[in-house]
Amino acid sequence: MKVKRYIGNDPQETMLKIKSELGSNAVILHSRKIKKPGFFGFMKKPLIEMVAAIEENKEKPERDIQKGKLTAIVSNPPHQEGSKIDLLQNQIGNIENLLNNVLDKIGYNQDDKGNHQEALYKKYHDLLVVNDVDPQIADKLLTIVRKQVSFTEDNEEAILRTIRIAVREYLESPETIGDNFEKKRIIVFVGPTGVGKTTTLAKLAAKLSITKGKRVGVITSDTYRIAAVEQLKIYSEILSIPIRIVYEPNEINEAIEAFSDRDVILIDTAGRNHKNEEQLEEIKTLIKHIIDPEIYLVMSATTGNRDITNIIKSYQFIENYRIIFTKLDEAVTIGNVLNAKIKTGKKLSYVTTGQSVPDDLEIAQPDKLANMIVGEFHE
Ligand SMILES: Nc1nc2c(ncn2[C@@H]2O[C@H](COP(=O)(O)OP(=O)(O)OP(=O)(O)O)[C@@H](O)[C@H]2O)c(=O)[nH]1
Ligand SMILES: [Mg+2]
């Protein structure tokens with residue numbers, strides 16, 4: 001039997017601490033309000049102290065934070081003996097009996113408890129799915145959350161908070177272009193048609209040249225539409241950044257070499273229909289010609305889950321890339337950001353939130369995105 005004292009700001013927080021350390025089999029022996037320590041403690045909201053106990057051979061969930069994932073593992077607390085423990089065991093037995101009597105009296109049985117838990121599970125599953133989180137991913141998340149916090153009605157705040165934490169952990173810290181320009185950087189933007197590749201390139205070009213004072217060069221291989229080259233030329237002129245156009249993939253290295261004085265080269269590509277193999281082949285060939293490219297797959301947050309899944313599949317040929325999500329301002333829900341992160345296993349980098357160059361570009365902050373995904377719950 002392990003007995004430990006826990007303190008939290010409210011009963012839910014204290015219970016969460018107990019559950020995550022001792023597991024759902026922990027029994028509360030005692031609970032009381034205590035004043036915060038210090039001179040001004042008497043003016044503050046009281047803290048909640050709980051004394052909890054767990055039998056030695058019961059399962060205890062732990063967080064495997066190193067991998068950034070929440071997993072439950074089984075471990076046995078050290079063995080303890082002694083008459084005090086026997087006494088406590090008796091007391092717990094009494095409390096359990098008392099509790100069962102009360103539950104019987106109010107007509108609450110284990111089946112009811114199971115039904116309540118299932119109803120809550122379904123409620124949060126539905127809400128995640130309404131926010132466009134893939135149903136299987138919602139299952140995966142809630143299975144983890146259920147190991148951390150019990151699904152009871154008086155615990156909903158803690159459930160929501162734990163879902164948010166799980167989403168945040170799955171989104172992981174973003175990887176951006178960063179500040180290391182000792183070696184020349186070659187950055188390539190790929191993705192479906194019309195998602196905002198060229199606009200995002202222009203935003204990053206402006207940030208790199210104006211804010212970071214880097215020497216930027218722009219190359220475009222999008223010669224399919226006259227307007228595409230013109231669009232990039234206008235941005236280059238405004239930003240005083242040189243631009244080169246390549247018509248064939250094998251010309252790319254010549255263009256890169258011509259930019260030998262640049263710290264960073266940004267390469268725009270034509271929007272490719274992910275269902276068109278031939279068009280994707282062209283991107284593959286272009287990438288193959290570049291030495292050490294850093295690739296950003298640009299997708300729009302307004303694209304549906306099924307299309308995002310297909311887009312991800314068709315870009316599987318790229319071993320290493322980061323993800324940019326555009327048009328967050330237009331998307332009603334952004335569950336797809338989480339779906340794409342989990343399905344690709346690649347890092348998020350930036351999100352864009354409007355047409356304005358360069359302002360509508362942000363680093364993909366997991367906190368903010370998790371709030372957008374989970375915070376959009378409508379009761
Ligand atoms: N609302 C909104 N519009 C955006 C955003 N980013 C880009 N756009 C708009 O989306 C449209 C397409 O942008 P482009 O940058 O030309 O897209 P692209 O991916 O380069 O398109 P293709 O080269 O034709 O494949 C333009 O009207 C942009 O202003 C964004 O974050 N929010
Ligand atoms: Mg473009």
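**Pocket lining and sheet architecture of the predicted model**

The second largest pocket has a volume of about 450 Å³. Its lining comprises 24 residues, and those closest to the pocket centre are Gly194, Val195, Gly196, Lys197 and Thr199. The largest contribution to this lining comes from helix α6 (residues 197-211), which supplies 5 residues. By residue class, the lining of the second largest pocket consists of 13 polar, 8 charged and 3 nonpolar residues. These values, like those that follow, were computed on a predicted model.

The protein chain contains 12 helices and 11 strands. Of its 379 residues, 45% count as buried. Among contacts between residues at least 6 apart in sequence, 72% join residues at least 24 apart. The strands considered below belong to two open sheets, one of 8 strands and one of 3 strands.

In the sheet of 8 strands, the order is β6-β5-β7-β4-β8-β9-β10-β11, and the pairing is mixed. Strands β6 (243-245) and β11 (361-363) form the edges, each pairing on one side only. Between neighbouring strands of this sheet the average turn is 25°, with direction ignored. Helix α7 (residues 226-239) packs on the sheet, where it touches β5 (216-220), β6 and β7 (264-268). The direction of α7 makes about 165° with that of β6.

Within this sheet, strands β8 (residues 294-300) and β9 (residues 322-326) run parallel and are joined by 5 bridges. Leu297 stands opposite Ile323 in β9, and Ser300 stands opposite Thr326 in β9. Of the 5 residues of β9, 4 are buried, so this strand is largely enclosed by the rest of the structure.

Strands β8 and β9 also take part in the packing of helix α10, together with α9 (277-289) and α11 (335-344). These four elements are the ones against which the buried residues of α10 pack. In α10 (residues 305-314), the buried positions are Asn305, Ile308, Thr309, Ile311, Ile312 and Ser314.

The sheet of 3 strands has the order β1-β3-β2 and antiparallel pairing. Its edge strands are β1 and β2, each of which pairs on one side only. The twist from one strand to the next averages 15°. Strand β1 (residues 2-8) runs antiparallel to β3 and is joined to β3 by 7 bridges. In this pairing, Gly8 has Ile48 of β3 as its bridge partner. Strand β2 (residues 27-34) likewise pairs with β3 in the antiparallel sense, over 7 bridges. Here His30 stands opposite Val51 in β3, and the bridge partner of Ile28 in β3 is Ala52.

For strand β3 (residues 47-54), 8 of the 8 residues are buried, so the strand is largely enclosed by the rest of the structure. In a regular strand the side chains alternate between the two faces of the sheet. In β3, Leu47, Glu49, Val51 and Ala53 point one way, whereas Ile48, Met50, Ala52 and Ile54 point the other way. Both sets are buried, including Glu49. Helix α1 lies across β1, β2 and β3 and runs at about 145° to β1.

The loop between β1 and α1 (11-22) contains Asn9. With a relative accessibility of 39%, Asn9 counts as partly exposed, because this class lies between the limits of under 20% for buried and over 50% for exposed. Asn9 and Lys45 are 36 residues apart along the chain, and their C-alpha atoms are separated by 8.1 Å.

How values were computed
Residues are numbered from 1 along each chain as its sequence is written. Chains are lettered from A and ligands numbered from 1 in the order in which they are written. This is a predicted model: local features need pLDDT of at least 70, side-chain atom pairs count only at pLDDT 80 or more; totals for chains, interfaces and linings use all residues. Side-chain values use heavy atoms; hydrogens and water are left out. On a 1 Å grid over the protein atoms alone, a cavity is a set of points where a 1.4 Å probe fits but cannot get out, and a pocket is an open set with protein on both sides within 12 Å along at least five of seven lines; lining residues have an atom within 4 Å of a point. Grid points are joined across faces, edges and corners, and a volume is the space filled by probe spheres set on the points. Ala, Val, Leu, Ile, Met, Phe, Trp, Tyr, Cys and Pro count as nonpolar, Asp, Glu, Lys and Arg as charged, and the others, Gly among them, as polar. Two strands pair if DSSP finds at least two bridges between them. Axes are lines fitted to C-alpha atoms, for helices over the stretch in contact, and angles run from 0 to 180 degrees between N-to-C directions. Contact means heavy atoms within 4.5 Å. Buried means under 20% relative accessible area, exposed over 50%, partly exposed in between (1.4 Å probe, protein chains only).
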